[in-house]
Amino acid sequence: MHATAPAPPASPRAAVPAHTADRSAPHTAVRSAPQPRSRRLSAAPSTEPAWGEPRRPRAAARGRSRNEVGWVKAHGGAGVSSLVEVLGGVDVGARWPDPSRGEPRRVVLVGRTSARGLRSVSQALGALNDGRAPHGVELLAVVLVADAPGRLPLALLRRIRVLRSVARVHRVPWIPAWRTGGTPKVLPRQLDRLAELTGSGLHSEEAAS
C-alpha cells in the first residue's frame, strides 16, 4: 500500500478570520460600513406651532387693503389654503392678526369638524373672548370644514351647537378635489354664502363661465 501524502499546511492567510484586517491591504479596504445612528430612527418633531405661537419671526401678513379678510387657522390642516385659493384674502396663520401692523382686522377662523379641530377652534375663541388678541380684530365667522364625507357623529354636532352659541358658524361640506390637491369645478352653495360674507368673488371655473 502506498502511504497517502499528507495534506499541505493551510496558508496562514486562509487561517485569518474574515473580520481581521489584512495589514498588506490598503487602509480603506478594511473600513467597516458606518452604522446608522439611532437618532435617525426617531420620529421627526412636529413643525406645526401651537395656537398663537408663530413658527418663526415673520413679516406681517399684510393685505392689499385694510378691509381684506384674514383667514386664521385654528390648527394645521384646517383648510385655509384651499379657501384662500377660492375666495381670496390673506392666510394669517395660527394666530390672531395685529391690525396695528397693517394686518387684516376682519378675520374668519377656520377649523375641521374633527374632535381635535373643534377643540382647537374653542381654544382660539377663548383667547379672543378673554382679551388675548390684538386690539381691533373683528371676527366675521367660524368656518368648519368637513374632515370626512358623510354625517357627523352626535357628539361632534353637540360641540358645534356650543360654538354657534358664541359665534356665527358656517360649515363647508367634504370636497374630494381638495383632498387630492385639485380645484373643484363646481363649488357647493356654502361657499357662495362665505363669498357674500367676506365680500370676495369665487375664483373657480364655474364663476368664470
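## Exercises on a predicted fold

In this predicted model, pLDDT stays under 50 over residues 204-209, a stretch with six contacts beyond four places in sequence. Keep that in mind as you work through the exercises.

**Exercise 1. Work out which parts of the model have low confidence, and what the overall score is.**

*Solution.* Start with the average: the protein comes in at a pLDDT of 77, and 64% of the residues score at least 70. Then look for low stretches. Besides residues 204-209, pLDDT also stays under 50 over residues 11-30, where the model has four contacts beyond four places in sequence.

**Exercise 2. Lay out the sheet: what is the strand order, and which strands stand at the edges?**

*Solution.* Step one is the order: five strands make an open sheet, 2-1-3-4-5, with parallel pairing. Step two is to count partners. Strand 2 (90-93) and strand 5 (169-172) each have a single partner strand, so one side of each is left without a neighbour in the sheet, and these two are the edges. Step three is the twist: on average, neighbouring strands are turned by 30° against each other, ignoring direction.

Now zoom in on one pair. Strand 4 (residues 138-145) and strand 5 run parallel and are joined by four bridges. Within strand 5, arginine 171 is the bridge partner of leucine 144.

**Exercise 3. Place helix 1 and helix 5 on the sheet, then find how their axes cross.**

*Solution.* Take helix 1 (residues 80-87): it lies across strand 1 (70-73), strand 2, strand 3 (106-112) and strand 4, and runs at about 165° to strand 1. Helix 5 (residues 189-198) also packs on the sheet, touching strand 1, strand 3, strand 4 and strand 5, with its direction at about 140° to that of strand 5.

Next, compare the axes. Those of helix 1 and helix 5 come within 11 Å and cross at roughly 70°. Angles from 65 to 115 degrees count as roughly perpendicular, so helix 1 is roughly perpendicular to helix 5. For the residues involved, Leu83, Val86 and Leu87 of helix 1 meet Leu191, Leu194 and Ala195 of helix 5.

**Exercise 4. Decide whether threonine 198 is buried or exposed, and list what surrounds it.**

*Solution.* First, locate the residue: threonine 198 sits in helix 5. Its relative accessibility is 6%; the cut-off for buried is under 20%, so threonine 198 counts as buried. A polar atom of its side chain lies 2.9 Å from the backbone oxygen of leucine 194. Leaving aside neighbours within four places in sequence, threonine 198 contacts Val69, Trp71, Arg106 and Val108.

Technical notes: Residues are numbered from 1 along each chain as its sequence is written. This is a predicted model: local features need pLDDT of at least 70, side-chain atom pairs count only at pLDDT 80 or more; totals for chains, interfaces and linings use all residues. Side-chain values use heavy atoms; hydrogens and water are left out. Two strands pair if DSSP finds at least two bridges between them. Axes are lines fitted to C-alpha atoms, for helices over the stretch in contact, and angles run from 0 to 180 degrees between N-to-C directions. Contact means heavy atoms within 4.5 Å. pLDDT is the predictor's confidence in each residue, from 0 to 100. Buried means under 20% relative accessible area, exposed over 50%, partly exposed in between (1.4 Å probe, protein chains only). A polar contact is a pair of N or O atoms within 3.5 Å; within protein, one must be able to donate a hydrogen and the other to accept it, and residues adjacent in sequence count only if both atoms are side-chain atoms. Angles under 35 degrees count as roughly parallel, over 145 as roughly antiparallel, 65 to 115 as roughly perpendicular and the rest as oblique.
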